[in-house]
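User: Please take a close look at one part of this model and describe it in a connected way. I would like to know how exposed its residues are and which rings come together there.

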Amino acid sequence: MELRGGRQSPYFVAKNEKMIEKSIVRQLVEDFIAESDRFIVDVNVSKDNSILVEIDSKDGVAIDDCVALTKYIESKIDREVEDYNLEVGSAGLSSPFKVVEQYRKYEGSEVEVLDGDGKKHHGILKDVTDSSFGVEVVSKIKPEGAKRKVEVSETLTFEYDKIKYTKYTIRFK
């Protein structure tokens, strides 16, 4: 690299132009979790070969599960050939759901949904299918002629591709 005055810089940056393919990492994770109740939440590989793997299961993920998966991936991708950074973890409790399996995991639990119009809905997750889910919401309305409001329950149905996010609601009692 030439500097001002025609001098040459003594420093250089070596770039690894080869990126680890996300599909390869995903297949390794699928192979590892195949005989378990775990599922993939996300696999991300950045341009600088930083690999982020998120897994989950109906009963949660222990640190030992993450360590074992890390070791498995490291045994399959040679660091002498590929320079990479690997991070394996469980999906965050307050993170938006990314896959249908997370909806199934939290069915019957309280969730927050931000719909496509930007309106938030709080209620109980139910009726999870491959294309949609329901949220039972309770609202108070005052019937005509009544003195007090009454609670009314209804189930709102959402399609996954028509919402901005769904999150598990954490309640401390």
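Analyst: **Around strand S8**

Ile170 is partly exposed, with a relative accessible area of 37% (buried is under 20%, exposed over 50% and partly exposed in between, using a 1.4 Å probe and protein chains only). The model is predicted, so local features need pLDDT of at least 70 and side-chain atom pairs pLDDT 80 or more, while totals for chains, interfaces and linings use all residues. Numbering starts from 1 along each chain as its sequence is written, and side-chain values use heavy atoms, without hydrogens or water.

Ile170 sits in the segment that follows strand S8 (163-168), where helices (H or I, at least four residues) and strands (E, at least two) are DSSP runs numbered from the N terminus. Tyr168, within strand S8, is partly exposed at 25% relative accessible area, whereas Tyr106, in the loop between H3 and strand S4 (110-115), is buried at 11%.

Across the whole structure there are eight aromatic pairs (ring centres of Phe, Tyr or Trp, its six-membered ring, within 6.5 Å; stacked under 30 degrees between planes, edge-to-face over 60, otherwise tilted). Tyr103 and Tyr160 make an edge-to-face pair, with 4.8 Å between centres and 70° between planes; this pair joins helix H3 (residues 100-105) to the loop between strand S7 (150-159) and S8, 57 residues apart. Tyr103 is buried at 4% relative accessibility, as is Tyr160 at 19%. Tyr106 and Tyr168 have ring centres 4.8 Å apart and planes at 35°, so their pair is tilted, and it ties together parts 62 residues apart in sequence. These four tyrosines belong to one aromatic cluster, which also includes Phe97, Phe133 and Phe158.
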